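User: I'm new to reading protein structures, and I'd like to know where the labels come from. Can we go through some of them together?
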Amino acid sequence: MSQMQAILLESLPDAVFQLDNFGNIQYCNAAATVLTGYAQNELLGKPVSYLTPNQVDNFKTTYELNLATTNGILAVNGWHLTKEGRKYWGEVTYSTIRQASGEQLGFACIIRDITERKNEENALIENEERFRLLVEGVQDYSIYMLDVDGNIVTWNEGGQQLTGYLSSEVIGKHFSIFYNPNDLLAEKPARELETAKRTGRYDEEGWRVKKNGSVFWASIALTAVYNRENKLIGFSKVTKDLTEQNREEAALRQSEERYRLLVEQVIDYGIFMMDDKGRIASWNEGAKRIKGYDHKDVIGKYFSLFYPEEEIFNNKPAYELKIARRHGKYEEEGWRIRKDGSRFWANVVITAVYNADRVLVGFSKVTRDLTERKKAEQAEREISGKYRQIARELETINAELSRTNNDLEQFTSIVSHDLQEPLRTVKSFLHLITDRVEKGKFDELHVFVSKSVIAANRMKELIENVLNYSQVNKGQISMNSWPIDELLEHVTQNLKGTLDATGATIYIEKEAGEVVKGDKIQLTQLFQNLLSNAIKFTNGEKPFVRLRYGLENGTLRFSITDNGIGMDAASTKMIFDPFRRLHNARNYPGAGMGLAICKKVVERHQGRLWVESEPGVGSTFHFTLWETGPKPSTTHETL
């Protein structure tokens with residue numbers, strides 16, 4: 001045996017054995033040891049009968065090997081036993097192994113465990129046997145099967161009692177032996193078969209003939225029998241003697257006919273009956289209109305005909321009947337299939353139908369096409385959703401406009417006051433200059449002109465700050481990612497002159513976050529203004545500033561702490577207003593717009609800016625970025 005052949009045998013899932021001419025095991029693959037529970041060395045040299053419950057039954061083994069020698073191959077089934085004592089039903093195939101010269105070298109033996117399949121077959125046979133015994137035991141009805149040509153295939157005790165014929169007298173005969181001569185001349189049996197084949201069922205009451213020639217009034221139910229592929233495999237026929245009950249059942253049939261006609265006229269609902277197995281027994285005009293099938297297309301067919309392929313594969317139709325049988329009703333909405341293959345959204349109600357004795361006789365099914373209503377509901381939801389979105393957007397815009405209007409009113413009030421102050425100063429000194437010129441007094445003109453220029457420069461500074469403030473709030477901000485280290489390096493370069501002049505130290509503490517998203521110019525201005533203020537507002541001490549940043553609940557947060565003069569609680573509430581100055585301009589120069597601009601920058605980057613301060617101790621300015629928008633590892637460095 002080549003290496004490739006050995007690998008092939010070892011990879012097979014079936015147990016493979018090589019036997020000598022006497023049936024002794026010469027080789028077995030890995031699957032054989034798994035199946036039998038024996039190790040390979042425990043099997044080699046043993047007869048193959050060693051794997052059966054009767055381990056010494058060499059007579060049977062020899063007989064089977066002789067047959068395999070004669071025929072070249074032999075398949076047998078039987079009980080086998082594992083090393084642990086577990087019995088399993090084995091399917092064994094023997095085939096001869098011969099040289100090219102024809103000399104027999106032994107046998108190849110394959111064993112498969114088919115216990116589960118055997119159990120299923122036995123269960124099926126047992127179930128069929130119970131059904132056969134059940135039918136044969138019925139005495140009040142003649143129940144028998146016909147092949148597709150109308151020849152009798154089965155016969156029960158009820159048929160013998162009703163007609164007088166024994167099973168041996170009717171099996172293989174055509175069922176027309178029960179019809180009177182007039183019916184035979186009219187070819188009535190053939191027409192009944194054709195009707196049942198075309199519509200799925202043929203029902204009538206009429207005269208039938210017994211073996212002794214006497215007649216009886218019979219109720220006849222001839223049903224076309226289809227397999228799961230909806231292929232006709234024969235007919236079932238149920239006959240009952242109604243000679244004594246003819247009058248009552250005639251009245252019942254009349255009532256049922258009125259109900260059938262009433263249901264058939266309904267066009268908005270598909271209403272049909274099914275037997276207890278789910279085969280369609282009736283069909284109304286509404287079902288035809290909704291599903292597209294004619295009466296002849298569906299009678300006798302299984303109702304899964306209307307279900308999508310995936311639901312048939314999932315056995316959903318049978319599940320629905322199970323629920324209806326258990327609870328009396330099954331109701332749902334779902335997709336169903338029309339004859340042309342198109343889908344429609346259906347409301348379905350399946351109701352279990354019982355007779356007076358509470359015996360299940362079938363199911364009624366009512367179907368309504370809800371496709372158009374669902375489309376209208378969906379369109380209404382989409383329109384409603386759009387209106388809600390527009391309303392939310394308008395609400396946001398109105399809130400923003402209201403806030404902007406309030407800011408504008410406050411800004412206008414402050415700006416008008418601060419701009420008028422230097423204007424009044426210029427105007428006042430111009431009056432003084434005019435007065436002195438008229439009086440010929442020129443010695444003070446230089447002082448008045450100098451103070452007017454200072455006031456004009458103050459106005460220029462105020463106007464430039466107003467422009468800077470408005471520029472921050474103008475247009476769309478740039479949305480790029482910038483390394484925080486790079487931004488801070490740029491800011492410290494801008495402040496280098498101030499840092500050198502004051503001897504200030506900026507200590508940066510980085511906990512997490514490497515980049516920040518936003519407008520580079522505005523972010524640079526934000527850091528520069530806050531750091532500049534931290535350096536400026538001191539009592540002559542050497543400025544020391546700590547800048548700390550990191551992630552807090554997923555949001556990037558910065559804190560800038562100084563050792564400056566600090567401020568009281570009242571001042572912290574107004575410090576971010578435009579042109580708000582808390583200190584004398586001579587000691588701490590500036591226009592009072594730096595923190596207002598910082599607040600605008602932070603708000604434009606969807607964050608918050610606040611301050612914690614104590615007089616004489618210093619201040620800490622905190623701000624966050626992108627608390628509701630884009631979100632940006634412990635390191636220390638000193639600049």
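Analyst: Sure, let's start with a cavity. By class, the lining of the largest cavity splits into six nonpolar, three polar and two charged residues. One thing up front: this is a predicted model, where local features need pLDDT of at least 70 and side-chain atom pairs count only at pLDDT 80 or more, while totals for chains, interfaces and linings use all residues. Residues are numbered from 1 along each chain as its sequence is written, and side-chain values use heavy atoms, with hydrogens and water left out.

User: What makes a lining residue nonpolar, polar or charged?

Analyst: Ala, Val, Leu, Ile, Met, Phe, Trp, Tyr, Cys and Pro count as nonpolar, Asp, Glu, Lys and Arg as charged, and the others, Gly among them, as polar. The lining includes Trp155, Leu162, Arg208 and Thr239. So Trp155 and Leu162 go down as nonpolar, Arg208 as charged and Thr239 as polar.

User: And what makes a space a cavity?

Analyst: On a 1 Å grid over the protein atoms alone, a cavity is a set of points where a 1.4 Å probe fits but cannot get out; lining residues have an atom within 4 Å of a point. The largest cavity has a volume of about 70 Å³, a volume being the space filled by probe spheres set on the points, which are joined across faces, edges and corners. β6 (142–146), α6 (157–163), β8 (215–226) and β9 (232–241) each give at least two residues to its lining. Those names are DSSP runs numbered from the N terminus: helices (H or I, at least four residues) and strands (E, at least two).

User: How do you know that β4 and β5 pair?

Analyst: Two strands pair if DSSP finds at least two bridges between them. β4 (residues 87–98) and β5 (residues 104–113) have nine bridges, in the antiparallel sense, so they count as paired. Threonine 96, for example, stands opposite phenylalanine 107 in β5.

User: Why do β2 and β3 stand at the edges?

Analyst: The open sheet has five strands in the order β2-β1-β5-β4-β3, with antiparallel pairing. β2 (25–28) and β3 (73–81) each have a single partner strand, so one side of each lacks a neighbour in the sheet.

User: Why are α17 and α19 called oblique?

Analyst: Angles under 35 degrees count as roughly parallel, over 145 as roughly antiparallel, 65 to 115 as roughly perpendicular and the rest as oblique. Axes are lines fitted to C-alpha atoms, for helices over the stretch in contact, and angles run from 0 to 180 degrees between N-to-C directions. α17 (residues 484–494) and α19 cross at roughly 55°, so they are oblique to each other.

User: What about α19 and α21?

Analyst: α19 (residues 520–536) and α21 (residues 594–604) pack at an angle of about 140°, with their axes 9 Å apart. That makes α19 oblique to α21 as well.

Technical notes: On a 1 Å grid over the protein atoms alone, a cavity is a set of points where a 1.4 Å probe fits but cannot get out, and a pocket is an open set with protein on both sides within 12 Å along at least five of seven lines; lining residues have an atom within 4 Å of a point.
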